Amino acid sequence: MSRVQLALNVSNIDEAVAFYSKLFATEPAKRKPGYANFAIVEPPLKLVLIEGAGGGTLNHLGVEVESGEEVRAAEARLADDGLATTGVDDTTCCYALKTETWVNDPDGAPWEVYVKTGDAEQMSSTVHGRDEPAQCCAPAAMSEAVALGSAPSC
C-alpha cells in the first residue's frame, strides 16, 4: 500500500500531537523529542510533525512506497520526464532508515518518494555510502532548500 505523506512544522509538539490524535482518532506510531508521526489508516496518510520555528507551515510532502524497487522506478520515471531528482540514496533521516529520492514542484515544495527500511535513533540525516552529512527535514533546512529551489539531501 502506498500512501501520501504530509510533514508539517509545528510550534509545540505536545499540542500538535493532542490535536492530530483527536482529528484522526489515532495515536502516533512514533514519538521522539520534537517529532511524531502517525500512520493513519483512513484516509491513508503518513502525517509527520516536526517541532521548530515556522509552526503551521509545510515541511515537505512525500509518497511512502513498499520497496526500494518502487523508489528506483519512481526516480527513473521522474528523471525520464525531465524532472531534476536527487537520485536514490539510502539514508538515516527522521528517526528512520530509508531509501529515497527527492524532487521539487514548480513552486519549490519538496517531495520525497521513499521506503522505510528500519528505525533509527537520530533525526538528522546521514547519506550512507558517502561522507557527506546533510540536514534532514528540519524546518530551517527545508525553508532554505525551498528558497534556493533545491531538494534537500535527506
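In the predicted model, Ala25 adopts a positive phi of about 50 degrees just after helix H1. The helix that precedes this residue spans residues 13-24 and comprises twelve residues. From its first C-alpha to its last, H1 reaches 16 Å, close to the 16 Å expected at 1.5 Å a residue. At the opposite end, the start of H1, a side-chain oxygen of Asn12 lies within 3.0 Å of the backbone nitrogen of Asp14.

The buried residues of H1 are Ile13, Ala16, Val17, Tyr20 and Ser21. Because they cover an arc of only 130 degrees around the axis, these residues fall on the same side of H1. Their packing partners are strands, namely S1 (3-10), S2 (30-32), S3 (35-40) and S4 (45-51). On the face of H1 turned away from the buried side are the exposed residues Asp14, Glu15 and Lys22. Asp14 thus appears in two roles: its backbone nitrogen is approached by the side chain of Asn12, and its own position is on the exposed face.

Helix H2 (residues 68-80) can be described in parallel terms. Its 13 residues should span 18 Å at 1.5 Å a residue, and the end C-alpha atoms are 18 Å apart, which agrees. Gly68, Val71, Ala74, Glu75 and Leu78 are the buried residues of H2. They occupy an arc of only 120 degrees around the axis and are therefore on the same side of H2. Strand S7 (96-104) and strand S8 (110-119) are included in what covers these buried residues. The exposed residues Glu69 and Asp80 are carried by the face of H2 turned away from its buried side. After H2 comes Gly82, with a positive phi near 90 degrees.

Both helices belong to a protein of three helices and ten strands. Read from the N terminus, the order of elements is β-α-β-β-β-β-α-β-β-β-β-β-α. Of the 154 residues, 46% count as buried. Among contacts with a separation of 6 or more, 58% are accounted for by residues 24 or more positions apart.

Strand S1, one of the strands against which the buried residues of H1 pack, contains Arg3. This arginine has a relative accessibility of 14% and therefore counts as buried, the cut-off being under 20%. Its side chain makes a polar contact of 2.5 Å with the side chain of Glu64. Glu64 also appears among the residues in contact with Arg3 when neighbours within four places in sequence are left aside. The others in that set are Ala39, Ile40, Pro44, Leu45, Lys46, Gly62 and Val63.

Internal empty space was also examined. The count comes to one cavity of 30 Å³ or more. The largest cavity has a volume of about 90 Å³ and is lined by 13 residues. Of these, Tyr35, Asn37, Lys46, Cys94 and Lys98 lie nearest its centre. The elements that contribute two or more residues to the lining are S3, S4, S7 and S8, and S8 gives the most, with three residues. Several of these elements recur in the helix packing described above: S3 and S4 pack against the buried residues of H1, while S7 and S8 are included in the cover of the buried residues of H2. Lys46 likewise recurs, as a contact of Arg3 and as one of the lining residues nearest the cavity centre.

Key
Residues numbered from 1 in each chain as written. Predicted model: local features only at pLDDT ≥ 70, side-chain atom pairs only at ≥ 80, totals over all residues. Heavy atoms only, no water. Helix = DSSP H or I, 4+ residues; strand = E, 2+ residues; numbered from the N terminus. Expected span 1.5 Å × (residues − 1). Buried < 20%, exposed > 50% of the residue type's maximum accessible area, 1.4 Å probe, protein only. Arc of directions from axis to C-beta. Contact = heavy atoms within 4.5 Å. Polar contact = N/O pair within 3.5 Å; in protein donor to acceptor, adjacent residues only side chain to side chain. 1 Å grid on protein atoms, 1.4 Å probe; cavity = no way out; pocket = protein on both sides within 12 Å on 5 of 7 lines; lining within 4 Å. Points joined across faces, edges and corners; volume = space filled by probe spheres on them.
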